[in-house]
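This report covers salt bridges, the helix, the main pocket and the overall fold. Please view the structure alongside the text.

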Amino acid sequence: MYEFYVQNEYGQMIKLSEKIQEYSIIEISGLTPPNAQIYEMKNSNQDGNIANGASLEDRIVVVTFAINGPAEENRLELYKYFKIKKTHRLFFKNGSRDVYIDGILESFPIGLFDEKEIAQATFRCPDPYFKDFVEIDADISVIQKLFEFTFEIEEPIPFSEFRIGEGQILINKGDVETGMVFKLYAVRGTVINPVIYNLDTGAKMQLETVMQEGDEIDISTIYMKKSIIRTRDNEETNLINAMTYDSSWLQLNPGGNTFLVNADVGAINLDVYVDVNVLYQGV
């Protein structure tokens, strides 16, 4: 069993897998991994080619379904949800995955004069990965919070503890590496030159900047959405030039990843959270 929904950019949603009296889904193609484009260079001094790289092509999702009677009424109802050349969000859920993908409605032919009207919606998805419907939201701060209200204790316990040098593990259950959004908060005082390490790969991202108490810095390492924005007194500043030359846009690889937060000064004043969309090649 599966569920399939389509939501247009106005927030209007049609649950095709549930409206079985009105519509009968015949096929949904494009749910498995898309094709890859291999970039090669010919070398005149040897046989074969040299591969320079590869990238995924756009995902094409085609939804084919029959329009049940009253056909004219149900056909016109579809036009409220399917908007040609507009971006739609496609939701798919089965026993293992609950995912979505954004696609532009490229074509929407309907056989008006066929004995049984058949509609075929073709969506072109420039970002070819399905995203997990539930994001990872993790705390990788230097200080670990150890209690929540309301609580009762009989013996003294620590409210928090330092964990400098330990590193925190984030699990990527997806098929491919993905970018993240790091949220840095200077909550207990000044922080100078904050840095985030991936202890497994040796990569790091460091900013040459001074965070005042109350500052927030949002770092997005998501493909096509990379940015570094500081918010101070409700005013946003682009800090992308604050990246050190040896920094990289950290990624979350499939499986376990160990991250460590530090700073030249004031690491214990820093709270760091990370948001992740898990990516899948197919469902």
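## Arg89 and Asp102

In this predicted model, Arg89 counts as partly exposed, at 29% relative accessibility. Asp102 is partly exposed as well, with a relative accessible area of 32%. The two residues form a salt bridge, in which the closest N and O atoms are 2.7 Å apart. Because Arg89 lies in strand β7 and Asp102 in strand β8, the pair ties together parts that are 13 residues apart in sequence.

## Other salt bridges

The structure holds twelve salt bridges. One of them joins the side chains of Asp271 and Arg188, at 2.9 Å from N to O. Asp271 belongs to strand β23 (residues 270-276) and Arg188 to the loop between β15 (180-186) and β16 (191-198), so this pair ties together parts that are 83 residues apart in sequence. The partners are not equally accessible: Asp271 is buried, with a relative accessible area of 8%, whereas Arg188 is partly exposed, with a relative accessible area of 36%.

Asp215 and Arg232 also meet through their side chains in a salt bridge, with an N to O distance of 2.6 Å. Here Asp215 sits in the loop between β18 (210-211) and β19 (216-220), and Arg232 in strand β20 (residues 227-232), so the pair ties together parts that are 17 residues apart in sequence. Asp215 counts as buried, at 2% relative accessibility. In addition, a network of salt bridges links Asp58, Glu106 and Arg124.

## The helix

The protein chain has one helix and 24 strands. Which residues of helix α1 (residues 71-78) are buried? They are Asn74, Arg75 and Leu78. Seen down the axis of α1, these buried residues fall within an arc of 105°, so they line one face of the helix.

On the other side of α1, Glu72 and Glu73 are exposed. Several strands contribute to the cover over the buried residues of α1, including β2 (13-14), β3 (23-29) and β6 (59-67).

## The largest pocket

The largest pocket has a volume of about 810 Å³. It is lined by 27 residues, of which Asp127, Pro128, Tyr129, Lys131 and Tyr223 are the closest to its centre. The elements that give two or more residues to this lining are β5 (49-56), β7 (87-93) and β8 (98-107).

Which element supplies the largest share of the lining of the largest pocket? That element is β8, with five residues. Strand β8 also holds Asp102, the salt-bridge partner of Arg89 in β7. What is the make-up of the lining of the largest pocket by class? There are twelve nonpolar, seven polar and eight charged residues.

## Burial and contacts in the chain

The protein chain has 283 residues, and 41% of them count as buried. Residues below 20% relative accessible area are counted as buried, and Asp271 is one of the buried residues, at 8%.

How are contacts in the protein chain spread along the sequence? Among those between residues at least 6 apart in sequence, 66% join residues at least 24 apart. The salt bridge between Asp271 and Arg188 links parts that are 83 residues apart in sequence.

How values were computed. Residues numbered from 1 in each chain as written. Predicted model: local features only at pLDDT ≥ 70, side-chain atom pairs only at ≥ 80, totals over all residues. Heavy atoms only, no water. 1 Å grid on protein atoms, 1.4 Å probe; cavity = no way out; pocket = protein on both sides within 12 Å on 5 of 7 lines; lining within 4 Å. Points joined across faces, edges and corners; volume = space filled by probe spheres on them. Helix = DSSP H or I, 4+ residues; strand = E, 2+ residues; numbered from the N terminus. Nonpolar A, V, L, I, M, F, W, Y, C, P; charged D, E, K, R; others polar. Buried < 20%, exposed > 50% of the residue type's maximum accessible area, 1.4 Å probe, protein only. Arc of directions from axis to C-beta. Contact = heavy atoms within 4.5 Å. Salt bridge = Lys/Arg side-chain N within 4 Å of Asp/Glu carboxyl O.
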